[in-house]
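The exercises below go with the sequence and the 3D model. Each task is followed by a solution in steps.

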Amino acid sequence: MNPIRIIGIGSPFGGDRIAWEAVDAIAHGGMLDRFPRDIVQTFCTGAPATDLLPMMSGAKAVILIDAVSSGALPGTVHKIDASKLMIEAENLSSHALGVPECLALGSSLGMLPKTVLLYGVEIREDGTDEGATAPMPDLLRAIAGELEALVRLDERARAQHRSRANGNDG
């Protein structure tokens, strides 16, 4: 079974820790209790250049969580279209791989799951998370909704496959 993976990108320090705190809340706060065991896996990385593509490998879908600084109010939750975030893979160098570059490289190599969702949590421009943790419930609710939808799609696809395997048109 190909799992759905939730990956927090950042570090345990400053505003960058917001993604790790979100993944910890998802993993240990009871959100995953409603899903079949092992269908959702959680990871954190401080090194997307080396870890992100291997963590995504073999997943059916991936939800990425990262701190962002776009000038919006700290704590603003952004759902970012991962396909629009990807840069052109033409002149990629492995020396400066961030999330957009990793996604572009993964896309050009055919290594990305069918579904890649990215949630960014706005931190202050000085890199601190002051005010960023207040909307954590909004972020967790959004991710719970995404997980519900992904799991329902997976269950529907498996039911159709079983129906076809049994000679029904589904």
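**Exercise 1. The nonpolar cores**

How many residues has the largest nonpolar core, and which residues have the most contacts inside it?

Solution. The model is a predicted one, in which local features need pLDDT of at least 70 and side-chain atom pairs count only at pLDDT 80 or more, while totals for chains, interfaces and linings use all residues. Residues are numbered from 1 along each chain as its sequence is written, and side-chain values use heavy atoms, with hydrogens and water left out.

Step 1. Apply the definition: a nonpolar core is a set of buried Ala, Val, Leu, Ile, Met, Phe, Trp, Tyr and Cys residues joined through side-chain atoms within 4.5 Å. Buried means under 20% relative accessible area, exposed means over 50%, and partly exposed lies in between (1.4 Å probe, protein chains only).

Step 2. The largest nonpolar core has 28 residues, and Ile6, Ile65, Ile143 and Leu147 have the most contacts inside it.

Step 3. At least two residues of this core come from each of β1 (4-9), α1, β3, β5 (115-122) and α5. Helix α5 gives the largest share, eight residues. Helices (H or I, at least four residues) and strands (E, at least two) are DSSP runs, numbered from the N terminus.

Step 4. A separate core has 15 residues, including Ile9, Met56, Val99 and Cys102.

Step 5. Now take Ile6 and count contacts, that is, heavy atoms within 4.5 Å. With residues up to four places away in sequence not counted, Ile6 touches Val23, Ile26, Val40, Gln41, Thr42, Phe43, Ile63, Ile65, Ile143 and Leu147. In soluble globular proteins, nonpolar side chains tend to be buried together.

**Exercise 2. The sheet**

In what order do the five strands of the open sheet lie, and which strands are at its edges?

Solution. Step 1. Two strands pair if DSSP finds at least two bridges between them. The order is β2-β1-β3-β5-β4, and the pairing is mixed.

Step 2. Strands β2 and β4 (77-81) are the edges, since each pairs on one side only.

Step 3. On average, neighbouring strands are turned by 20 degrees against each other, direction ignored. Axes are lines fitted to C-alpha atoms, for helices over the stretch in contact, and angles run from 0 to 180 degrees between N-to-C directions.

Step 4. Strands β4 and β5 run antiparallel and are joined by five bridges. Val77 stands opposite Val121 in β5.

Step 5. Helix α2 (residues 48-56) lies across β1, β2, β3 and β5, at about 170 degrees to β1.

**Exercise 3. Two strand residues**

Are Thr45 and Ala61 buried or exposed, and what does each touch?

Solution. Step 1. Thr45 lies in strand β2 (residues 40-45). Thr45 has a relative accessible area of 1% and is therefore buried.

Step 2. Beyond four places in sequence, Thr45 touches Ile7, Gly8, Ile9, Gly10, Trp20, Asp51 and Met55. The side chains of Thr45 and Asp51 make a polar contact of 2.6 Å. A polar contact is a pair of N or O atoms within 3.5 Å; within protein, one must be able to donate a hydrogen and the other to accept it, and residues adjacent in sequence count only if both atoms are side-chain atoms.

Step 3. Ala61 lies in strand β3 (residues 61-68). Ala61 is also buried, with a relative accessible area of 1%.

Step 4. Neighbours within four places aside, Ala61 is in contact with Pro3, Ile4, Arg5, Pro113, Thr115 and Leu150.

**Exercise 4. Salt bridges**

How many salt bridges are there?

Solution. Step 1. A salt bridge is a side-chain nitrogen of Lys or Arg within 4 Å of a carboxyl oxygen of Asp or Glu. The count is four.

Step 2. One of them joins Glu21 and Arg17, with the closest N and O atoms 2.7 Å apart. Glu21 is partly exposed at 30% relative accessibility, and Arg17 is partly exposed at 29%.

Step 3. Another joins Glu148 and Arg34, with the closest N and O atoms 3.1 Å apart. Glu148 lies in helix α5 (residues 136-165) and Arg34 in the loop between α1 (18-28) and β2, so this pair ties together parts 114 residues apart in sequence.

Step 4. Arg141 and Asp138 form a further one, at 2.7 Å between the closest N and O atoms. Both residues lie in helix α5, three residues apart, about one turn of the helix. Arg141 is exposed at 54%, whereas Asp138 is partly exposed at 43%.
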